[in-house]
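These are reading notes for a first look at the model. Please keep the sequence and the 3D view open and go through the points in order.

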Amino acid sequence: MSTEQTEEAHSTMGDAKKHWEDLRREARFLENEIDTKLVSYSKIGANSTLSAAADRESDTAPLLSSGRMYESLSEEIDVLLKRLTEVNEKMGEFPPQNSSLATPALIHTLTRHRDILQDYTQEFRKTQNNLKSRKEREELLQGVKKEIDSSKTALNRRLDLYMKERDHLVSSERMVDEQIAIAIDTKEGLVTQRAAFKKIQSRMMDITSRFPTLNNLIHKINMKKRKDSIIIGCVIGICTFLLLYYGFHN
């Protein structure tokens, strides 16, 4: 092999090693990023609720912000895992193409990076599935709670209507009792007046029997009194009927 070919081979090997180190540094960087985000991702599932509706009823971390963080981290980790997979695939292309680089240490390093990728992928999928299951469970429980609250609200509304109707009936009954009491008082007043009129009439009869000349005048007075009594009776009867009618239809 000539000197130029040897130098060219060394140059190619040097470029390959440099490229390998660049890929390895990128893989380590991605692994550190994924590890950090997986820790945060796991904490979300452990310390907060994923349903925004359920968070308004709980004392945990704000659910709306937790839900957004959950979705954002999930997307970021998924993108990082895809990038790490591409880097590992590129790293795996070197040993076959450059047999001198396929040392046990390199193969061990490549295997280690693949194992880390597999572990991170499994951990991410497991945590993601657990969080999704928890979110679905919380949403289901929240839906049941909403239905229960809705039923309670409807029941309370019906009870309020029944109580208002009861109060209305009690008020109407009280008003009817008041009108009946007024009618009874009016009747007692009329009875008292009638007794007084009879007493006056008896006295007037005594006077007429003693003074015949006043008989004609007393007769006219009696006629007017009967007429007035009839009018007063009609007025009282109409007023009592109107009061009763108003009481029963109010």
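1. Pocket lining by class. The residues lining the largest pocket fall into three groups: three nonpolar, four polar and five charged. The model is a predicted one, and the pocket should be read with that in mind.

2. Pocket volume and residues. The volume of the largest pocket is about 330 Å³. Its lining includes Leu-190, Gln-193, Arg-194, Phe-197, Lys-198 and Gln-201. Also in the lining are Lys-225, Arg-226, Asp-228, Ser-229, Ile-232 and Gly-233. Which helices each supply at least two residues of this lining? They are helix H5, residues 104-210, and helix H6, residues 215-248.

3. Overall fold. The protein chain has six helices and zero strands. Along the sequence the pattern reads α-α-α-α-α-α. The chain has 250 residues, and 23% of them count as buried.

4. The annotated segment. A UniProt record, in an unreviewed entry, places a "transmembrane region" at residues 230-248. Such annotations may be inferred rather than shown by experiment. In the model, residues 230-248 are 100% helix and 0% strand. The C-alpha atoms at the two ends of this stretch lie 27 Å apart.

5. Cysteines. How many disulfides does a search of the whole structure find? The search finds zero. Two cysteines can be checked by eye for exposure. Cys-234 has a relative accessible area of 45%, so it is classed as partly exposed. Cys-239 is also given as partly exposed, with a value of 41%. Both values lie between the limits of 20% and 50% that bound this class.

6. The aromatic pair. Searching the whole structure gives one aromatic pair. The ring centres of Tyr-41 and Phe-124 are 5.6 Å apart and the planes meet at 40 degrees, so the pair is tilted. The reasoning rests on two cut-offs: planes under 30 degrees apart count as stacked, and those over 60 as edge-to-face. The pair joins distant parts of the chain, with Tyr-41 in helix H1 (residues 3-47) and Phe-124 in helix H5, 83 residues apart. Are these two residues buried or exposed? Tyr-41 is buried, at 0% relative accessibility. Phe-124 is buried as well, with a relative accessible area of 0%.

7. Trp-20. This residue sits in helix H1. Trp-20 has 7% relative accessibility and therefore counts as buried, since the class covers values under 20%. What separates its C-alpha atom from that of Leu-106? The distance between the C-alpha atoms of Trp-20 and Leu-106 is 9.7 Å, although the two residues are 86 residues apart along the chain.

8. Leu-110. Helix H5 contains Leu-110. The relative accessibility of Leu-110 is 7%, so this residue is buried. Its C-alpha atom is 7.4 Å from that of Asn-88, and the two are 22 residues apart along the chain.

9. Ser-72. Helix H3, which covers residues 63-92, holds Ser-72. At 33% relative accessibility, Ser-72 is partly exposed. Measure of separation, C-alpha to C-alpha, for Ser-72 and Tyr-41: 9.8 Å in space and 31 residues in sequence. Tyr-41 is the residue already met in the aromatic pair with Phe-124.

Methods: Residues are numbered from 1 along each chain as its sequence is written. This is a predicted model: local features need pLDDT of at least 70, side-chain atom pairs count only at pLDDT 80 or more; totals for chains, interfaces and linings use all residues. Side-chain values use heavy atoms; hydrogens and water are left out. Helices (H or I, at least four residues) and strands (E, at least two) are DSSP runs, numbered from the N terminus. On a 1 Å grid over the protein atoms alone, a cavity is a set of points where a 1.4 Å probe fits but cannot get out, and a pocket is an open set with protein on both sides within 12 Å along at least five of seven lines; lining residues have an atom within 4 Å of a point. Grid points are joined across faces, edges and corners, and a volume is the space filled by probe spheres set on the points. Ala, Val, Leu, Ile, Met, Phe, Trp, Tyr, Cys and Pro count as nonpolar, Asp, Glu, Lys and Arg as charged, and the others, Gly among them, as polar. A disulfide is a pair of cysteine sulfur atoms within 2.5 Å. Buried means under 20% relative accessible area, exposed over 50%, partly exposed in between (1.4 Å probe, protein chains only). Rings of Phe, Tyr and Trp (its six-membered ring) pair if their centres lie within 6.5 Å; planes under 30 degrees apart count as stacked, over 60 as edge-to-face and the rest as tilted.
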